[in-house]
Amino acid sequence: MSGFTSDFMRILDERGFIHQCSDPQGLDALAKRGEVVGYIGFDCTAPSLHVGSLVQIMMLHWLQLSGNRAIALMGGGTTRVGDPSGRDESRKLLGIEDIDANKKSIAAVFSRFLDFTAPARPALMPDNAEWLTKMNYIDMLRDVGRHFSINRMLSMDSVKLRLDREQELSFIEFNYMILQSYDFVELARRYGTNLQLGGSDQWGNIVNGIDLGRRMGTHQLYALTTPLITTASGAKMGKTAAGAVWLNADMLSPYDYWQFWRNCDDGDVGRFLRLFTTLPLDEVARLVTLQGAELNEAKKRLATEATALLHGRDAAQQAETTARSTFEMGHAAAGLPTHHIERSELASGIGVLALFVRAGLAASNGEARRAITNGAVMVNDQRVSDDKAMINVSDLLVEGVIKLSMGKKRHVLVRPS
């Protein structure tokens, strides 16, 4: 037993979310009274967040579900600067229009995990551009900057690692931690925020915010971070060989999202069920006891529950049905990702290598050729052995599509238009 008395801290502890906490007992007492107002900042660097951000979003979900207030802070202001954490080079500075477009795009995901219309303690989504863009530079230096020690800033991991590797760190990036710290103070003043959550790489920045709050006269502030989430193979969560696992459906289909979870390593099933689903822990315990082929049922449950949280139960069940039809029944299911091609182009024939590249199943002709050599390429469930083979209208199935497969788990339908 964890010893925590609040639902929020107990749930986070039992499910494996807690890495560091500035004052576990003090935060537990606040959470038990429903007085935690916690936030996480999300910069708008892309049109979608990826699955690496999901552990943070799930913490906000549990925070609200346990009777406290959750704030998803959009980084419309800080995105203009760029977070140097964990990077060897500066982020590309985006234009204001791009940042605004990205903000609108990623904001939609949060409605799946947070209730912004709840009658009591609804979730909030402010944008730090509301205050950061209005600050006078001289006032910023006098009121905020004077509380920061250059010596301490140089010791922060986000700065120190870059300098140790002799990589350039721009002055604008150096200021990022000041802006992030000030966000905590501003949110404390506006909304009574008292907790900042984040990944373990943000610990130093969050603690800076607590210190700034103390110096600027806020109420007591708290920090809580999650462990770095990696897969059993050691890979960073959110990236695959095929690219980022995006949360927006227009950047990654619900089917592909379902497949990401279905294809997880055996050693990750229990941990991912605890972190990325809301299944009761006794049900998780039952699922992780499954062995051999039965473990696949646990993986399917993980995939369906995680997909239902993000895309809705109907989309999750459709993805599961599509997968069963594709893998267990051998059909070219309609729910698979689709690549459209001009019928006239198909009539004249397309090389198998070029088609697999265009469909996104291979990064290059060379990769597709090697896959053919290894017996991993199939067209309409028939193995391809000739890398000079041509695909044309005669390959269309009765459904009017051509099914391309790379290995057992990656499939795309080619549909002429």
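Which residue is the bridge partner of cysteine 21 in β5? In this predicted model, the partner is leucine 224. The pair belongs to the contact between β1 and β5, two strands that run antiparallel and are joined by two bridges. From this point the reader may follow the sheet outward.

The sheet in question is open and has five strands, in the order β1-β5-β4-β2-β3, with mixed pairing. Its edges are β1 (20-21) and β3 (69-75), each of which pairs on one side only. In general, strands of a sheet pair through backbone hydrogen bonds, in either the parallel or the antiparallel sense. Whereas β1 and β5 run antiparallel, β4 and β5 run parallel and are joined by five bridges. Within that parallel pair, leucine 195 stands opposite tyrosine 222 of β5. Towards the other edge, strand β2 (residues 37-43) pairs with β3 in the parallel sense over seven bridges. There, isoleucine 40 stands opposite alanine 72 in β3.

Strand β5 merits separate attention. Five of its five residues are buried, so β5 is largely enclosed by the rest of the structure. The side chains of Tyr222, Leu224 and Thr226 point one way from the strand, while Ala223 and Thr225 point the other way, and all are buried. Leucine 224, the partner of cysteine 21, is therefore one of the buried residues of a strand that is largely enclosed.

Helices accompany this sheet. Helix α3 (residues 54-65) lies across β2, β3, β4 (195-199) and β5 (222-226), and it runs at about 155 degrees to β2. Helix α2 (residues 24-32) has Gly26, Leu27, Asp28, Leu30 and Ala31 as its buried residues. The cover over these buried residues includes α1, β1, β4 and β5. After α2 comes glycine 34, which has a positive phi near 70 degrees.

Helix α1, named above as part of the cover of α2, also holds a salt bridge of its own. Arginine 10 and glutamate 14 form this bridge, and their closest N and O atoms are 3.6 Å apart. The two residues are four positions apart in helix α1 (residues 7-15), so they are separated by about one helical turn. Arginine 10 counts as partly exposed because its relative accessibility is 27%, and glutamate 14 counts as partly exposed at 33%.

Other salt bridges join separate parts of the chain. Aspartate 127 forms one with lysine 103, with the closest N and O atoms 2.8 Å apart. Aspartate 127 lies in the loop between α4 (96-110) and α5 (129-132), and lysine 103 lies in helix α4, so the pair ties together parts that are 24 residues apart in sequence. The aspartate counts as buried at 9% relative accessibility, whereas lysine 103 is partly exposed, with a relative accessible area of 22%.

A further bridge connects the side chains of glutamate 345 and arginine 358, at 2.5 Å from N to O. Glutamate 345 is in helix α17 (residues 343-348) and arginine 358 in helix α18 (residues 352-358), so this pair ties together parts that are 13 residues apart in sequence. Both ends are partly exposed, glutamate 345 at 29% relative accessibility and arginine 358 at 38%. Elsewhere, Glu283, Arg286, Arg301, Glu305 and Arg313 are linked in a network of salt bridges. A search of the whole structure finds 18 salt bridges.

The surface also has a nonpolar feature. Tyr137, Ile138, Leu141 and Phe171 make a nonpolar patch of about 450 Å². Helix α6 (residues 137-143) supplies the largest share of this patch, three residues. Phenylalanine 171 is located in helix α9 (residues 171-174), and it counts as exposed because its relative accessibility is 57%.

The path ends at another open sheet of five strands, in the order β8-β14-β13-β10-β11 and with mixed pairing. The edge strands here are β8 (338-341) and β11 (382-383), each pairing on one side only. Within this sheet, strand β13 (residues 402-406) and strand β14 (residues 410-416) pair in the antiparallel sense over five bridges. In that pairing, lysine 403 stands opposite leucine 413 in β14.

Terms used. Residues are numbered from 1 along each chain as its sequence is written. This is a predicted model: local features need pLDDT of at least 70, side-chain atom pairs count only at pLDDT 80 or more; totals for chains, interfaces and linings use all residues. Side-chain values use heavy atoms; hydrogens and water are left out. A salt bridge is a side-chain nitrogen of Lys or Arg within 4 Å of a carboxyl oxygen of Asp or Glu. Buried means under 20% relative accessible area, exposed over 50%, partly exposed in between (1.4 Å probe, protein chains only). Two strands pair if DSSP finds at least two bridges between them. Contact means heavy atoms within 4.5 Å. Axes are lines fitted to C-alpha atoms, for helices over the stretch in contact, and angles run from 0 to 180 degrees between N-to-C directions. Patches are made of residues with over 30% relative accessible area and no salt bridge: like charges are joined within 9 Å, nonpolar side chains (Val, Leu, Ile, Met, Phe, Trp, Tyr) within 5 Å. Accessible areas come from the Shrake-Rupley method with a 1.4 Å probe; for residues, only the protein chains shown count as cover.
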